[in-house]
Structure formats: structure tokens, C-alpha cells
Amino acid sequence: MSERKILTDYVYKMVASLVQAGVQHVVVSPGSRSTPLAYAFASTKQLTMYRQVDERAAAFFALGIAKATTKPVVLLCTSGTAAANYYPAIVEASYARVPLIVITADRPHELREVGAPQAINQTNLYGAHVKWSVDFPLADGAAPTLPFIERHIARAVAIATSAPFGPVHLNVPFREPLLIDFREELPTVTFKQSHIGQLTPPKAAQVELASILRDTKKGFVVVGELPLGTDLTIMWEFVRQLKWPIIVESLSNMRTSVPNDCLPYVMTTYDAIMKNDDFKALVVPETVLRLGAQPVSKFMMQFITKSQPQAYIVVDEDPMFRDSTGVSTHFLHASIGEWLVQLDLAETALEAAYLAEWQDANDIALEYIEHYTEGAIDEGAMVSRLLEIIPNGSDIFVSSSMPIRDIDTFLMATSKDIRIFANRGANGIDGVVSTAMGLSQGNNRETYLLIGDLAFLHDVNGLIASRYQACNMTIIVMNNDGGGIFSYLPQSTVEAHYEDLFGTPTALEFQDIARMYNMDYICVEDIAQLVPKFNTLRKNPLRLIEIFTNREENVYAHRALWNRINAGLKAWQS
């Protein structure tokens, strides 16, 4: 058997095994050493292949597709530092629990650690940030090699898509020559299917949880970003049964498409009302139940930490459950499933007055937030207006720092069908453009990206992807010429070196970037311009809205809102 046929059999067996395991999307960064597998991916009609020459951006692009589809996405790159450039997105995928199948082509074993070009130590390159890592054998024609490939591909996809989701790493060495024979049909795969089990807590744990919830007089539920693919109909049925205050983070996607009968229990203004000490004293909980990740709101997490509830119950898919408060008392290793709505919650002891206190405070804060745009010109007002005019059936990808906080403040419970996504695994600002572009590829909904100027600059290379495949997205850049979030932090009180180290202004505007990528472009300098200019956007594949704001005005306006809400709560309590 020729070396070329052996290599061809090898790579097509990999591709066939991935297809058999349910993989549909592949992101390739072209390079020499990955040639055999890139050819095999490109020639396989069962796969959708995307290209991005910047590996760092490519990995975030794949992350976005996986978020949109809730399916594992394959990444492929050549050897050397190309593989290292995947690292930031792999870290995000690990902490955000997103399934990626990372394939790094490598030099053969005889060329490792001997000074060969484009060769670095790639085995276990990503350390603890992947769920599993394996170094594949060379294409050697030996009888055990292809069965090894089939079952290790099956293992990789099963591990990536078992709770909690996450990235896995396959390091695949190729020896030259790297050319293969193209095939129209994939080979037969003898390994047929992996069946992934559901995580359901033991019956005793369910009984204990139901008992705690039934006996609680003062308690609330925190719903953070939920695992990919969570069935929200189960969550809404749980809300109906429990009838507690539900602290709903924007990333849970339970602030939108809210059923009418659940609206009385959905609390969205918790970050603002948690700034009022009298209200916090009024609603100290006996019990807190948390589903999903920890929320963006620092004030909510500080409240839980200080309150030290008698029962703080965390439901998580990972035994290494998330709890930065250090006050959790119970952990249930479980996915959100039917068991949650089968708990015996027929009668609960929750005090009607306790629920009413949350509802009244939430309504007071909502009143101020709803009228916030009257006369305001800051980023918060812009975000509030954008949430009104972004059409039904849209997805909004939100950058870290101030954009996600403004969404958390101004997105109120609504029946409108919009979904919110963000990279909150590691909370970084890197790769945001690319992740949003990947998200837009993974669904047929209108996609918007809300981002600050520094985060946009950090990943402007992500726009290169639009030159290789059709992209459809509207990018909204809040340009306050620097790092706006630092203006809210203690660093802002120290004038020395503040602008150099934290404000970091660039004095850059983005019309020329829009021109480079043939994007529709509008600039907005006043909230009165936003709606009419928004409505002038044509339907080019990529659109850029640059909104100019002022960091000092943003801080002043946000704090003024918090002060008005605080005063309203004090008047209500008096």
C-alpha cells in the first residue's frame, strides 16, 4: 500500500468518524502541516467549512458557532505557534462550557524538540483548560491505527458534549509528503454512536431540596447563564410552581420571551436595588437556589455572601461547582431537566409580603429605568433605545466590561424574542468580534454585536473572516475613547497615571475600517440621531454603527440613575 493511500485512508477515517459523531461545522486556518486533513474537510459535502487565516480569531469564530448551534465545532490549524494562538478561546470555552474539538497538526515525532522549523511541544499544550488531550499516531498503515482513530474521535466528541461541555484537544502528527487523493464518499465507520447520559440528582437529594424550598419563608432563585441547550420550558414551569422571586440575569435568556403568567416573579433590577442598604436588610434570605453560572452583578453576589443564607443551594453539572461566595451549603450534581418540575412544591411557606417587597422594589426601579432615556445622552440611554429598536427574532452578542453591564441594567422582562450572548467564561474582551461573527453563522437570526472601542480594536482582525464566507451582522461600537469601565472603579480616584494605564485613549475612529471591509457605516453623536440613522442602514452583509460617548458623562449619568432609584426606594420604605 502506498504512503499516499495510507495517509488518505487515515484522514478520511478521521473525517468520517467526526461526521458519524454528529459534527457539522469545521473552522480551518490554512497551513502546510495540516494540509491532508484540510483537504479532507474541504472535500466532504456533509460538513460546512469556514476559513479564517488568523488562528486566534478562528478559535473564537468556532466558539461563536458552537454557542449558536449548541453542537461541537472542529478547529484545525498547522503546527507551531498557530496552535498556541488558539489558547485564549480554549480558555474561554473551558470556563464557558462550550464544546470545541481542537485539532492541531504536528511534526512527526522525529522532528520534535530537535530544532526543526515550526515545531513546538504541542502535547498537552492546553493543560487543564481542555477536558481531554491525546497525541494521535502517525499514518502508518498498521492494523490497529484506524480503529484507534474511530474510537478516539468518538471519545473526543462524547467528552466535549458530556456535562459540562468543554473543549478537547487532538494533536495529529503528519509526515511528508502531505498530499492525498480526494474522495467523494466517506469510508464506513464501525463505531456507530455514543449515548450521553443525563445528570439527575438522587431521589434523596430531590426530596431534601423540595423540603427546604417548601419550608422557606424568605428565599429567592438566582438564574445565571444556563448550559447550552437548556430547555427553557422546564425553567418557566419551575417558576410557575415555585412562585418565588426569580433573579434573572440577561445571559439566562429568561428576560425575553417571558410568559405572561411568569412576569410577576421575574426580577431584573436587582443590581440597582442591591445598592440600597435598607432594602437589602428587608429581604435577607433564609434560602437561595442558584441555577446556571454566577451572575454578572457583583452587588448581588456580595449580598448573598454577606447574608450567609441558612441554605445556599447550587445546582451545577460539574462536581467542581461554581461558588465564589464561599457560603454555599448544598450542591446538586445535575443538569436542568424534568426532575426540577417533578419536585413536590404543592405548598410553600414563602411569605406573601416577602415576594411583594421584591416586586414593589423591582417596579420602582423599572419606573426610573424606563424613563431613563428622557434627556439622557450616555451609553446607558443608547443601549436602552437600541433594545427598543433592534427587531424581534434577533440575537445580541455583548462584549464584557460596560456593554454587558448596560444590558443587565436596561434589558427588562419582555415578551420580545431576542437572545443575549457573551463570553463570560473568563470575562475577557479578546475575541469578541470573532465570536459574534461565528454566532451569526450558526443561526438564521439577525445578529447584532454591542462592543466598546478597545474590545473592537482588540479583535478587529476577526473581520477578515468576512472575506472568506458570507457574513451578516450589525456591529455597534460604543466609542468613548478608552477603557470606560475603569471610570467606575477605585483607580479613577487616583489622577496620577490614570489615563496612561487605565483610560488608554487611542483617538481612533472606525469609518476607515468600515470602508476597508465594505461595511455600511453610520456615526451617532446624540440619542436623537439614533433611530433615524439606524433606519437608514442598508442591507449590506456587514454594518457598523459607531456611537460617540464621553466616559465622564457616562459615569455621571449611571450614578445619577442609581441615586434616583435609591431615593425612590427610601421614599417607598418611609
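Mentor: A salt bridge here is a side-chain nitrogen of Lys or Arg within 4 Å of a carboxyl oxygen of Asp or Glu. Keep in mind that this is a predicted model.

Trainee: Which side chains meet in a salt bridge, and what is the N to O distance?

Mentor: The cut-off is 4 Å, from a nitrogen of Lys or Arg to an oxygen of Asp or Glu. Arg255 brings the nitrogen and Asp408 brings the oxygen, so the pair fits the rule. The side chains of Arg255 and Asp408 meet at 3.1 Å.

Trainee: How is the protein divided into domains?

Mentor: Start from the N-terminal end with domain 1, residues 3-173. Domain 2 covers 203-350. The last one named is domain 3, 379-549.

Trainee: How many salt bridges are counted between domain 2 and domain 3?

Mentor: Place the two partners first. Arg255 falls within domain 2 (203-350), and Asp408 falls within domain 3 (379-549). Their side chains form a salt bridge. The count between these two domains is one.

Trainee: What area is buried between domain 2 and domain 3?

Mentor: The C-alpha centres of the two domains lie 30 Å apart. At the interface, 15 residues of domain 2 are in contact with 17 residues of domain 3. Carbon and sulfur atoms give 51% of the buried area. That area is about 1400 Å².

Trainee: Which three residues supply 36% of the area that domain 2 buries against domain 3?

Mentor: No other three residues of domain 2 supply more. One of them, Arg255, also takes part in the salt bridge with Asp408. The three are Leu251, Arg255 and Val296.

Trainee: How many residue pairs are in polar contact across the interface of domain 2 and domain 3?

Mentor: Look at the classes too. The side of domain 2 that touches domain 3 has six nonpolar, six polar and three charged residues. Across the interface, the number of residue pairs in polar contact is 10.

Trainee: Is Ile407 buried or exposed?

Mentor: Ile407 lies in helix 14, residues 402-410. Its contacts beyond four places in sequence include Ser250, Arg255, Leu387 and Leu450. The cut-off for buried is under 20% relative accessible area. Ile407 has 2%, so it is buried.

Trainee: What separates the C-alpha atoms of Ile407 and Val383?

Mentor: Along the chain, the two are 24 residues apart. Ile407 is also in contact with Val383. Their C-alpha atoms are separated by 6.9 Å.

Trainee: Which residues outside its sequence neighbours is Asp9 in contact with?

Mentor: Asp9 lies in helix 1, residues 3-20. Its relative accessible area is 14%, so it counts as buried. Leaving aside neighbours within four places in sequence, its contacts are Met1, Leu146 and Arg183.

Trainee: What is the omega of the peptide bond from Glu176 to Pro177?

Mentor: Most peptide bonds are trans. This one is cis. Pro177 lies in the loop between strand 6 and helix 7. Omega is near 5°.

Trainee: What is the omega of the cis bond that joins Ala163 and Pro164?

Mentor: Pro164 lies in the loop between helix 6 (145-160) and strand 6 (168-173). The bond that joins Ala163 to Pro164 has an omega of about -10°.

Trainee: What is the phi of Asn124?

Mentor: Most residues other than glycine have a negative phi. Asn124 is in the loop between strand 4 and strand 5. With a relative accessible area of 57%, Asn124 is exposed. Its phi is positive, about 55°.

Technical notes:
Residues are numbered from 1 along each chain as its sequence is written. This is a predicted model: local features need pLDDT of at least 70, side-chain atom pairs count only at pLDDT 80 or more; totals for chains, interfaces and linings use all residues. Side-chain values use heavy atoms; hydrogens and water are left out. Domain bounds come from an automatic or database domain assignment. Contact means heavy atoms within 4.5 Å. Buried area is the accessible area (1.4 Å probe) that two parts lose on being put together, summed over both. A polar contact is a pair of N or O atoms within 3.5 Å; within protein, one must be able to donate a hydrogen and the other to accept it, and residues adjacent in sequence count only if both atoms are side-chain atoms. Ala, Val, Leu, Ile, Met, Phe, Trp, Tyr, Cys and Pro count as nonpolar, Asp, Glu, Lys and Arg as charged, and the others, Gly among them, as polar. Helices (H or I, at least four residues) and strands (E, at least two) are DSSP runs, numbered from the N terminus. Buried means under 20% relative accessible area, exposed over 50%, partly exposed in between (1.4 Å probe, protein chains only).
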